[in-house]
Amino acid sequence: MRLSRYFMPILKENPKEAEIVSHRLMLRAGMIRQQSQGIYSWLPLGKRVLDKVNGIIRQEQNRAGAIELSMPTLQSAELWQESGRYDDYGKEMLRIKDRQERPMLYGPTNEEMITDIFRSSVKSYKNLPLNLYHIQLKFRDEIRPRFGTMRSREFVMKDAYSFDLTKEDAEHSYRKMFTAYLRTFSRLGLRAIPMRADTGPIGGDLSHEFIILADTGESEVFSHRDFVNFDIPAETTDFDDVAALQAVFDQWTSVYAATSEMHDEAAFDALPEGERLSARGIEVGHIFYFGTKYSEPMGAKVQGPDGKEHLVHMGSYGIGPTRLVPAIIEASHDENGIIWPASVAPFDAVIINMKAGDAACDAACERIYAALSKAGIDTLYDDTDDRAGTKFATADLIGVPTQIIAGPRAVAAGEVELKDRKTGARETMTIEAAINKLT
Ligand SMILES: Nc1ncnc2c1ncn2[C@@H]1O[C@H](COS(=O)(=O)NC(=O)[C@@H](N)CS)[C@@H](O)[C@H]1O
């Protein structure tokens with residue numbers, strides 16, 4: 001992508017309304033723009049990152065056996081009246097009426113809708129276990145949206161819903177998602193700790209929040225230091241192996257970890273001083289087992305092997321992609337800007353032409369740009385006539401992992417300089433060597 005033809009509205013100054021670093025950097029890097037309170041546009045650079053985050057979430061949901069669909073954002077009130085949540089949900093629910101005066105709502109979550117889809121077509125235990133998910137916009141009229149897209153009113157959620165014949169089967173489905181979440185956050189460059197959590201308006205009696213440690217996190221967390229050494233379940237994990245997933249779950253729940261709502265002061269203080277970790281964290285995922293809470297009022301049942309009707313046991317599993325993008329920045333930035341993990345970077349490399357208009361520099365950059373693009377390397381080419389200093393600052397701000405710097409002196413010797421955004425390491429080499437190194 002040539003920067004001269006792209007749309008990346010960089011802000012020179014720190015926007016005054018931004019209170020935390022991720023909000024500041026997302027605005028300055030031209031990734032998002034607030035349209036109204038708690039409601040954002042994702043501009044091209046931010047959309048690229050969000051799409052990569054969703055891609056990884058999707059891969060790990062599919063690996064765990066979940067099946068993707070897409071449900072609407074607008075829902076009829078009737079479904080929520082069936083489950084009894086319409087009145088309970090409170091002011092966070094955006095209630096609307098259509099032209100026929102029918103009560104509708106902008107969905108904050110989809111337990112009722114997915115149960116309706118299930119009950120309309122699944123009648124036999126032979127179709128279980130089933131896990132259906134989508135990645136879709138939600139609306140919650142948060143009383144105090146803040147920190148940019150970290151806590152917004154309209155936001156994207158991956159929400160998955162599992163259906164099983166028995167509680168035991170449902171607990172295995174829960175552990176499939178538990179394992180998938182550990183893998184997902186690790187691939188995003190984050191260390192997430194599963195914490196016993198409160199179930200709130202979703203309900204149920206088994207729930208874990210996945211928290212990443214960050215000083216600006218809204219959650220207060222207490223955990224055992226051992227978490228940092230636990231191995232992430234491998235790509236080869238057999239998700240149908242009940243014992244294997246039980247072992248993962250047992251290990252990751254074997255040591256103390258709780259959010260402030262579930263904190264047991266005495267148990268925590270019983271830990272040796274050096275093993276206690278209390279910090280602030282960001283909730284990036286939340287999973288629930290809630291049995292027949294929705295299947296009972298909505299009549300979602302299957303015929304069991306005994307020929308009798310059984311209400312299905314359900315769980316729901318949420319991840320916040322539009323919260324993950326700022327969370328990754330909170331965990332990975334420096335004083336010059338964002339440092340993207342390669343897995344979610346908006347571009348793999350950025351070419352900095354220090355002297356656009358200089359024939360030799362232009363030729364060298366065009367050659368590199370063509371070679372990288374041909375090799376499928378997502379490349380941003382800063383071909384603008386900005387000063388070199390501005391280009392360096394922009395490249396550091398937007399956090400692309402590899403910078404290729406083409407200056408007149410180096411180019412005259414047939415060379416360019418590679419800079420690693422994360423380590424700051426610089427290496428001068430021939431243009432040929434640079435192309436070979438990156439393709
Ligand atoms: N206001 C918000 N802004 C951004 N992300 C949010 C917001 N509210 C929730 N999330 C994200 O969405 C995830 C799931 O939300 S939740 O309420 O915990 N769970 C559910 O809604 C269940 N239906 C799971 S399918 C949270 O862990 C968080 O990462």
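1. In this predicted model, β13 makes the largest contribution to the lining of the largest pocket, with 7 residues. The strand β13 spans residues 276–291. Other elements that give two or more residues to this lining are β8, β11 (219–224), β16 and α10 (321–331).

2. The largest pocket holds about 940 Å³ of space. It is lined by 43 residues, and those closest to its centre are R140, R151, E283, H286 and R323. Sorted by class, the lining consists of 17 polar, 13 nonpolar and 13 charged residues.

3. Where does the ligand sit with respect to the largest pocket? The space that the ligand takes is the largest pocket itself. The description of the pocket and that of the ligand shell may therefore be read together, with a residue assigned to the shell if one of its heavy atoms lies within 4 Å of the ligand.

4. The ligand is surrounded by 23 residues, of which T109, E111, R140, S152 and E283 are the closest. R140 and E283 are also among the residues closest to the centre of the largest pocket. By class, the shell around the ligand comprises 8 nonpolar, 8 polar and 7 charged residues.

5. Which elements supply at least two residues each to the shell around the ligand? They are β8 (154–164), β13 (276–291) and β16 (313–319). Here too β13 provides the largest share, in this case 5 residues.

6. Several polar atoms of the protein lie beside the ligand. For E111, a polar side-chain atom is found 2.8 Å from a ligand nitrogen atom. Backbone atoms are involved at two glycines: a polar backbone atom of G285 is 3.5 Å from an oxygen atom of the ligand, and a backbone N or O atom of G320 is 3.3 Å from an oxygen atom of the ligand. The ligand taken alone exposes 600 Å², and the protein buries 96% of that area.

7. Two backbone features, both in loops, merit inspection. The peptide bond that joins L128 and P129 is cis, with omega of about 0°. P129 is placed in the loop between α5 (111–119) and β7 (130–139).

8. The second feature concerns E101, which is not a glycine and yet has a positive phi of about 65°. E101 belongs to the loop between β5 (94–97) and β6 (103–106).

Notes. Residues numbered from 1 in each chain as written. Predicted model: local features only at pLDDT ≥ 70, side-chain atom pairs only at ≥ 80, totals over all residues. Heavy atoms only, no water. Polar contact = N/O pair within 3.5 Å; in protein donor to acceptor, adjacent residues only side chain to side chain. Areas by Shrake-Rupley, 256 points an atom, 1.4 Å probe, with all protein chains shown as cover. 1 Å grid on protein atoms, 1.4 Å probe; cavity = no way out; pocket = protein on both sides within 12 Å on 5 of 7 lines; lining within 4 Å. Sits in = over half its atoms within 2 Å of the grid points. Helix = DSSP H or I, 4+ residues; strand = E, 2+ residues; numbered from the N terminus. Nonpolar A, V, L, I, M, F, W, Y, C, P; charged D, E, K, R; others polar. Points joined across faces, edges and corners; volume = space filled by probe spheres on them.
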